[in-house]
Amino acid sequence: MKENFDESSVPDQSGRTIFITGANTGIGWDAARVLAARGARVLLGCRSPDKAAAARQRILDLHPSADVDTVALDLASLTSVREAAGTVLQEPRLDVLVNNAGIMMPPRELTADGFESQFGVNHLGHFALTGLLLPKLKDQQGARIVTVSSLAHRAGKIHFDDLSAEKHYGRQDRYSLSKLANLLFTYELQRRLHAAGSAAVAVACHPGGAETELSRHLPKIFVALTPLFRLVMNSSAEGALPTLRAVVDAEAKGGEYFGPAGFAEFARGARPVRSNAVSHDAVVAKRLWEVSVDMTGVDYEFDAAAA
Ligand SMILES: NC(=O)c1ccc[n+]([C@@H]2O[C@H](COP(=O)([O-])OP(=O)(O)OC[C@H]3O[C@@H](n4cnc5c(N)ncnc54)[C@H](OP(=O)(O)O)[C@@H]3O)[C@@H](O)[C@H]2O)c1
């Protein structure tokens, strides 16, 4: 892969099918735009049918021959996750699942299944979706599960005694928890794929700081300061570069983590980066995995085979 990764580094993707969650806007949409332009069949997993249709049309306006479809997916509902997985399982093939959708720092809310929403959407919904799609991915040569984390994982702690935030809810704290969970999940998934002799690998990425709709729950002062932030942070398209590299880098190894190449991993380009020590703690990861199976009721196929 060339030193300065940009959109032109993305090779031909003809023949590959790529499912991206939260692809109607932000980083997910920009990743979808580039992958569709390179010939991939791209499935946009979105919770709003109107936003999904508009997002698909925006790609077709740029690339009229692109192969883009939408899949209804609300990660805040396990019923919806199961239905979306059922739809994707009907595809002739699936090469890459990009667990991109996310929410950041909303007031305390619960998902349809009663999970604290940041943990429920950012981690548990993707945990369930990945497990349900694994039969399609595990024997596919070159298959990948890419999960989008954040620099915020560094402040994360998994509150196993209060995952639903009934005792205490801190907006930032729960976002960091969910983004640490994304990495613990990726590394544990990679260990399990490897142990099962799967052809698929699990990798992760983060976009640094990118101007997207993720800031919708931030205080208004942050929105007012956006022109200032713009000087140092990524656009949405630049923020999609680590995701694109995680999807297409032929040299990427299972468990690899990509982030921006610039100062403090905040912006510009994409290169391999390192996550913190806690994210590599295999004991915490195994516990989170078991809790996630209990909470979602989704048992991974290779786990069931080993039981
Ligand atoms: N932007 C940054 O600086 C930054 C930094 C670190 C990490 N990240 C991560 O990057 C990823 C993408 O975020 P972004 O910055 O592109 O934010 P964004 O512009 O707000 O896009 C988030 C996407 O997730 C979707 N989504 C939210 N809740 C969902 C649900 N319940 N079911 C299905 N889809 C749902 C949104 O759909 P709607 O439009 O319908 O809400 C939207 O398509 C997230 O995982 C985020 O944590 C972003």
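Colleague: Where does helix α2 lie, and at what angle does α2 run to β3?
Modeller: This is a predicted model. In it, helix α2, residues 49-62, lies across β2 and β3. Its direction makes about 170° with that of β3. Helix α3, residues 78-89, also packs on the sheet, where it touches β1, β2 and β3. For α3 and β3 the angle is about 150°.

Colleague: What is the strand order of the sheet?
Modeller: The general idea comes first. Strands of a sheet pair through backbone hydrogen bonds, and the pairing is either parallel or antiparallel. Here the sheet is open and has 8 strands, in the order β3-β2-β1-β4-β5-β6-β7-β8. The pairing is mixed. Two strands, β3 (67-72) and β8 (271-272), form the edges, each pairing on one side only.

Colleague: Which strands does β1 pair with, and over how many bridges?
Modeller: Take β4 before β2. Strand β4, residues 96-99, runs parallel to β1 and is joined to it by 3 bridges. Val 96 is the bridge partner of Ile 18 there. With β2, residues 41-46, β1 shares 5 bridges, again in the parallel sense. On that side Ile 18 has Val 42 as its bridge partner. The chain gets from β1 to β2 by way of α1, and this β-α-β crossover is right-handed. Another bridge pair links Phe 19 with Leu 43 in β2.

Colleague: How many bridges does β2 share with β3, and in which sense do they pair?
Modeller: There are 6 bridges, in the parallel sense. In this pairing, Cys 46 stands opposite Ala 72 of β3. The connection runs from β2 through α2 to β3, a right-handed β-α-β crossover.

Colleague: How do I read the two faces of β1?
Modeller: In a regular strand the side chains alternate between the two faces of the sheet. In β1, residues 17-21, 5 of 5 residues are buried. Thr 17, Phe 19 and Thr 21 are on one side, Ile 18 and Ile 20 on the other. Both faces are covered.

Colleague: Why is β2 described as largely enclosed by the rest of the structure?
Modeller: Because 6 of its 6 residues are buried. Look at the split. Arg 41, Leu 43 and Gly 45 point one way, while Val 42, Leu 44 and Cys 46 point the other way.

Colleague: Is Ile 18 buried or exposed, and why?
Modeller: Count neighbours. The cut-off for buried is 20 or more other C-beta atoms within 10 Å. Ile 18 has 24, so it is buried. This residue sits in strand β1. Beyond four places in sequence, Ile 18 touches Leu 35, Ala 40, Val 42, Asp 95, Val 96, Val 98 and Val 247. From Asp 294, the C-alpha of Ile 18 is 28 Å away in space, and the two are 276 residues apart in sequence.

Colleague: And Thr 17: buried or exposed?
Modeller: Thr 17 counts as buried, because 21 C-beta neighbours lie inside 10 Å. Thr 17 is also part of strand β1. Its contacts, leaving out residues up to four places away in sequence, include Ala 40, Arg 41, Leu 43 and Glu 91. Thr 17 and Ala 143 are 126 residues apart along the chain, yet their C-alpha atoms are 9.8 Å apart.

Colleague: Which phi angle should I read at Met 105?
Modeller: Most residues other than glycine have a negative phi, and most peptide bonds are trans. At Met 105, phi is positive, near 60°. This residue is in the loop between β4 and α4 (117-137). With 19 C-beta neighbours inside 10 Å, Met 105 is partly exposed.

Colleague: What is phi at Ala 165, and where is the residue placed?
Modeller: Phi is near 55°, again a positive value in a residue other than glycine. Ala 165 is in the loop between β5 (144-148) and α5 (171-195). Ala 165 is buried, because 20 other C-beta atoms lie within 10 Å.

Colleague: How many residues surround the ligand, and which are the closest?
Modeller: There are 30, the closest being Gly 22, Gly 26, Gly 102, Ser 150 and Thr 212. By class, the shell has 12 nonpolar, 14 polar and 4 charged residues.

Colleague: Which helix gives the most to that shell?
Modeller: Helix α1, residues 26-37, with 3 residues.

Technical notes:
Residues are numbered from 1 along each chain as its sequence is written. This is a predicted model: local features need pLDDT of at least 70, side-chain atom pairs count only at pLDDT 80 or more; totals for chains, interfaces and linings use all residues. A residue is near a molecule or strand if its C-beta atom, placed from the backbone, lies within 6 Å of it. Helices (H or I, at least four residues) and strands (E, at least two) are DSSP runs, numbered from the N terminus. Ala, Val, Leu, Ile, Met, Phe, Trp, Tyr, Cys and Pro count as nonpolar, Asp, Glu, Lys and Arg as charged, and the others, Gly among them, as polar. A residue is buried if 20 or more other C-beta atoms lie within 10 Å of its own, exposed if 12 or fewer, and partly exposed in between; C-beta atoms are placed from the backbone. Two strands pair if DSSP finds at least two bridges between them. A crossover is right-handed if, with the strands pointing away from the viewer, the path from the first strand over the helix to the second runs clockwise. Two residues are in contact if their C-beta atoms, placed from the backbone, lie within 7 Å. Axes are lines fitted to C-alpha atoms, for helices over the stretch in contact, and angles run from 0 to 180 degrees between N-to-C directions.
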